[in-house]
Amino acid sequence: SLSRSETSISHRFGAHGLACRRVMMTLCLSACRNGAFGGKPWHELLTYETTKKVRIKDPAIAIIRLILITCFIIYFCVWRLGVGRAYDRREQLVGMIQTSLQRPSLLPRTDQLSYCSGGPGTALKVLPCVTGPDAWVMAPSRGGDRLFIATRLKDVSGDGGTSGRSFITEPEDYTVGVTFTVQALNFFHQTGDHKYSQSIQELETRLVDASGTPYTEGVERISRFDVFRLNTLLHAAGISGLDSPHPADPTSSLRYDGLVLIVAINCPMALSGTVMSCDYQVEHIMQSESEKFVVKQLDASKAEGISSQERRGIMIRFEVSGEMGKFDLPTIVLAWVEALVMVGLCTLAIDFAMSNLLPLKDVYKLLLVEETPSIHSLRQGDAKAQRAFKEIQREHRRNSVGYDTSPPNSPKQASRRDSTKKQDSLEVPSLLGKPLSLPVKPSSPLTESPAAAAAAAPLHAQEAPGDLGQSQEEPDPDLHSPRQDGGYLQHATIALRVEEGQESELL
């Protein structure tokens, strides 16, 4: 392929084109051989990043991190464990509900009602008023979690004709009864503990308005039923009366078109994991209407033998909400992991601020990010990589010597200087073998003495070779020149302790 390409280029462009082709091929092959991607060798793209613990002595950063971690601890202990009960596995409640309706013992006269014919007639809609047994008023509901209370009737004949309309006399005075049992089904079947199955007789109940304010006499406990007046439920839903204009049709009334109420039975979880009380809270579904149909007569032998009744009224739907909890070890472990992640995010946020936002971000970057020499080059025996790693080993040994951080004028340092003046020699720890004994005399500061460099070379030549093989390689002048860094006279083989204020000279 290359030979055919070169022949084609030579034929078209001559010798210059062939030379350009060969130069380009040389560059491409060189790039492929070196594995260059974006100016970097391929082995530099395959790097492993790990965490290195760096202690940055910055009180401001330390205070910020302490404040953030304290906030996270308070959040986890108070909100997640205390309020949120993060150590519990939760299960939603299931409610079994039964309802009933009862007519008051005494109803007002129809001539006193504004919506009844023969009365004042001040309501939006006026119709004749009728009444009947409780089961007839609540038909077609059957006493489950949905209760229908009729307010207006319309008789419909078999041929579709309408025979008349009428209102139910004063349904607001009817009383609604409800009883229920709440269960956490899985917990109850797994443990058999009756605290996960609570009936209404074991619970305290109350009626609250939309803002959560309880009614003083909103609910009455009779045997196993909680009893409400329908007018009280309407008031709790924010409805002043059934003769109010309907939100969907202002020319009609709520009594004429009907409405839907949702009664939420909220049962909060107690500290024991079960429920001990429940609140009834009523909500009016705006612009809703409620319509039902019942069959009045069924006689197939006659053409007019089938008749029905259209009913408008109040549909009340009861719903149980809440949960029960049981201690669960995996759940609390998951919450603990969440807290650790939040602390890690706090550390990442501080590192990001140090590297990108704070005034000394360039200094922080040098402290937070450290890049090692190429391990790949070290495996291949590269001399530069070997020298770099030996320097890292020397630096590690120099830093492992330790130093005294007491002030120069402290009694500890004063006693050290007094004892040093009485000595004729100074014992120097060696990195490669046994300690060296060097004579000293009071003169000029050691850190400024040029004799230190002259004394270090013969001492290095007399040392026994160490495990790093330092005497076998060519000394690097940059590594073997004496300098002071953090209170040390650093050398390839000698780490000499220099106290501030100590005047001595190495002979």
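Helices and strands here are DSSP runs, numbered from the N terminus, and a strand needs at least two residues. With that in hand, here are some exercises on this predicted model.

**Exercise 1. Place Glu-220 in the fold and describe its surroundings.**

Step 1: find its element. Glu-220 belongs to strand β11, which covers residues 220-222.

Step 2: classify its exposure. Buried means under 20% relative accessible area and exposed means over 50%, with partly exposed in between. The relative accessibility of Glu-220 is 49%, so this residue counts as partly exposed.

Step 3: list its contacts. Once neighbours within four places in sequence are set aside, Glu-220 touches Phe-225, Asp-226 and Val-227.

Step 4: compare sequence and space. Gly-177 is 43 residues away from Glu-220 in sequence, while their C-alpha atoms are 9.4 Å apart.

**Exercise 2. Work out which strands pair with β8, and in what sense.**

Step 1: start with the strand itself. β8 spans residues 175-183, and seven of its nine residues are buried, which leaves the strand mostly covered.

Step 2: take β4, residues 94-102. Nine bridges connect β4 to β8, and the two run antiparallel. Here Gln-102 faces Thr-175 of β8 as its opposite number.

Step 3: turn to β12, residues 225-229. This strand is also antiparallel to β8, with four bridges between them. Val-178 stands opposite Asp-226 of β12, and Asp-226 is one of the contacts of Glu-220.

Step 4: finish with β9, residues 197-199. Three bridges join β9 to β8, again in the antiparallel sense. Gln-198 in β9 is the bridge partner of Val-182.

**Exercise 3. Classify the ring pair of Phe-76 and Trp-336, then compare the exposure of its two members.**

Step 1: count the candidates. The model has seven aromatic pairs.

Step 2: apply the geometry. Ring centres must lie within 6.5 Å, and planes over 60 degrees apart count as edge-to-face. For Phe-76 and Trp-336 the centres are 5.8 Å apart and the planes meet at 65°, an edge-to-face pair.

Step 3: locate the partners. Phe-76 sits in helix α3 (residues 59-83) and Trp-336 in helix α8 (residues 329-356); with their positions 260 residues apart, the pair links distant parts of the chain.

Step 4: check the cover. Phe-76 counts as buried because its relative accessibility is 10%. Trp-336, at 47%, counts as partly exposed.

**Exercise 4. Find the charged residues that lie over rings of the aromatic cluster.**

Step 1: name the cluster. Tyr-115, Phe-167 and Tyr-256 make up one aromatic cluster.

Step 2: look above the rings. Lys-125 lies over the face of Tyr-256, 5.0 Å from the ring centre. Arg-255 does likewise over Tyr-115, at 3.5 Å from the ring centre.

**Exercise 5. Identify the central members of the largest nonpolar core.**

Step 1: rank by contacts within the core. The core has 48 residues, and those touching the most other members are Val-176, Phe-180, Leu-261, Ile-265, Tyr-280 and Ile-316.

Step 2: zoom in on one of them. Beyond four places in sequence, the contacts of Ile-316 include Asp-145, Arg-146, Val-176, Leu-230 and Leu-261.

Step 3: look for another core. A second, separate one has eight residues, among them Leu-113, Tyr-115, Cys-116 and Ala-123.

**Exercise 6. Summarise the whole chain.**

Step 1: count the elements. The chain holds 14 helices and 22 strands.

Step 2: add the burial. Of its 507 residues, 35% count as buried.

Step 3: add the surface. About 30,800 Å² is exposed, with 56% supplied by carbon and sulfur atoms.

Technical notes:
Residues numbered from 1 in each chain as written. Predicted model: local features only at pLDDT ≥ 70, side-chain atom pairs only at ≥ 80, totals over all residues. Heavy atoms only, no water. Phe/Tyr/Trp six-rings, centres within 6.5 Å; stacked < 30°, edge-to-face > 60°. Buried < 20%, exposed > 50% of the residue type's maximum accessible area, 1.4 Å probe, protein only. Lys NZ or Arg CZ within 6 Å of the ring centre and 35° of its normal. Core = buried A, V, L, I, M, F, W, Y, C linked by side-chain atoms within 4.5 Å. Contact = heavy atoms within 4.5 Å. Areas by Shrake-Rupley, 256 points an atom, 1.4 Å probe, with all protein chains shown as cover. Pairing = 2+ DSSP bridges.
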